[in-house]
Amino acid sequence: MSDSRTTGTASAPPVPLKVVKLRHPWRNVFAVIIVLLLVAFVVDAATRPAYDWPAVGKYVFDRRITMAALITLQLTVYSMIGAIVLGVVLAIMRLSPNPVLKAIAWGFVWLFRGTPVYVQLVFWGLLATIYPTLNIGLPFLPPIAQLPTDAALNTFWIAVIGLALNEAAYMSEIVRAGLLSVDRGQEEASTALGMSWAQTMRRVILPQSMRIIIPPTGNEVISMLKTTSLVTAVPFTQELYTRSRDISSETFNPIPLLIVASLWYLLFTSILMVGQYFLEKRFARGLTRIDAGAPVTTEAIQVQEAEARAKQSPADGESGERR
């Protein structure tokens, strides 16, 4: 004879939950329309004579184009290295308790963010006119050495300096936002451990702020790659866009050369986007996310909640029987 108390306390077996995905018919309709429009554009572009695809294939690996692409990549890398280093220094100056350093950093950001990069590059191109010689020595004393500006700096390095200084103003704000995102208690704990301000920034604050700094920095690198097309204002004419434009002026066929330049820009941008993805993934380790690589949707949350309840229900039943 079974005990009635045991029978009364026994729980019923869990009922499996059936999750029904929401249907979006109009989303499918719009997706089909977009795909059809894309296919129509590709077919039309493939047969339209104005694009001149044989000329695109002829010049895409032309030596002049490949050399210009390499120079464009060098401009991007050198400018971003200088901009990142200077941006970190400016961000730390903005957060420094020294009012003089704060004012200098704020003035730099105000000047270079408030004027167009093309205007700045024109000014840098006129550097030899404004300053014919570069004096090396202490202020208010006779110079130790004098160098002609044209001999000391060629147009390539003038373009790098102009791009780096402009980008440093934006990088400083990105780095400052990343530094401010770290909890104040981290700095207080480092001070309690006897770390200096410089050690705290290098070992505690900067590593934690990288997950905030990396995504916008990747966007700035991609933007810098495209901004190199403006260095013709220096004037520097060996980068990708200007070189392809010069070739098109000889062939009187600009459209294929524009496509060639665009293909090289897309190649470099794709490589940079892949590198940015892996950097973000590395510095985002330890964060709790439903899926770091996919958008968070209501359906995904409902599915995960249902799975969690289904896993917990058998355990609850067993615990009830034991009771």
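This passage describes the salt bridges, aromatic pairs, nonpolar cores and one helix of a predicted model.

Salt bridges are considered at the outset. Side chains of opposite charge can pair when their charged atoms come close. The structure contains six salt bridges. In one of them, the side chains of E250 and R64 meet with a distance of 3.7 Å from N to O. This pair connects distant parts of the chain, since E250 belongs to helix α12 (residues 240–251) and R64 to helix α4 (residues 63–95), with their positions 186 residues apart in sequence. The two partners fall into separate accessibility classes: E250 counts as exposed at 53% relative accessibility, whereas R64 is partly exposed, with a relative accessible area of 31%.

A second salt bridge also involves helix α4. The side chains of R94 and E173 meet at 3.0 Å, N to O. R94 lies in helix α4 and E173 in helix α9 (residues 155–180), so the pair ties together parts that are 79 residues apart in sequence. Both R94 and E173 are buried. For R94 the relative accessible area is 18%, and the residue is classed as buried because this value is under 20%. Apart from residues up to four places away in sequence, R94 touches K102, A105, W106, V109, E173 and R176.

E173 forms a further salt bridge with R113, in which the closest N and O atoms are 3.8 Å apart. This pair again links distant parts of the chain, with E173 in helix α9 and R113 in helix α5 (residues 99–114), 60 residues apart. R113 counts as partly exposed, at 43% relative accessibility. Together, R94, R113, E173 and R176 are linked in a network of salt bridges.

Aromatic residues were examined next. A pair of aromatic rings is described by the distance of the centres and the angle of the planes. The count comes to 10 aromatic pairs. For W106 and W110, the ring centres are 6.3 Å apart and the planes lie at 5 degrees, so the pair is stacked. These two residues are four residues apart in helix α5 and are therefore separated by about one helical turn. W106 is partly exposed, with a relative accessible area of 48%, while W110 counts as exposed at 58% relative accessibility. Y277 and F278 form an edge-to-face pair, with 5.2 Å from centre to centre and 75 degrees between the planes. Y277 is partly exposed, at 45% relative accessibility. In addition, Y78, F156, W157 and F236 form one aromatic cluster.

The nonpolar interior was analysed in terms of cores. In soluble globular proteins, nonpolar side chains tend to be buried together. The largest nonpolar core in this model has 27 residues, and those with the most contacts inside it are L75, L121, V231, V234 and F236. Two or more residues are contributed to this core by each of α4, α6 (117–125), α9 and α11 (197–227). The greatest contribution is that of α9, with nine residues. When residues up to four places away in sequence are not counted, V231 touches L75, L121, A159, L163, F236 and E239. Another core, of 16 residues, lies apart from the largest one and includes L240, I247, V260 and F268.

Helix α12, which holds E250, was described in more detail. The 12 residues of α12 should span 16 Å at 1.5 Å a residue, and the end C-alpha atoms are 17 Å apart, which agrees with that expectation. At the start of the helix, a side-chain oxygen of E239 reaches to within 2.9 Å of the backbone nitrogen of Y241. Within α12, the residues L240, T242, S244, I247 and S248 are buried. The buried residues of this helix pack against α3 (53–59), α4 and α13 (254–283). Two of the buried residues, L240 and I247, are also among the members of the 16-residue core. Following α12 is F252, for which phi is positive, near 55 degrees.

Technical notes. Residues numbered from 1 in each chain as written. Predicted model: local features only at pLDDT ≥ 70, side-chain atom pairs only at ≥ 80, totals over all residues. Heavy atoms only, no water. Salt bridge = Lys/Arg side-chain N within 4 Å of Asp/Glu carboxyl O. Buried < 20%, exposed > 50% of the residue type's maximum accessible area, 1.4 Å probe, protein only. Phe/Tyr/Trp six-rings, centres within 6.5 Å; stacked < 30°, edge-to-face > 60°. Expected span 1.5 Å × (residues − 1). Contact = heavy atoms within 4.5 Å. Polar contact = N/O pair within 3.5 Å; in protein donor to acceptor, adjacent residues only side chain to side chain. Core = buried A, V, L, I, M, F, W, Y, C linked by side-chain atoms within 4.5 Å.
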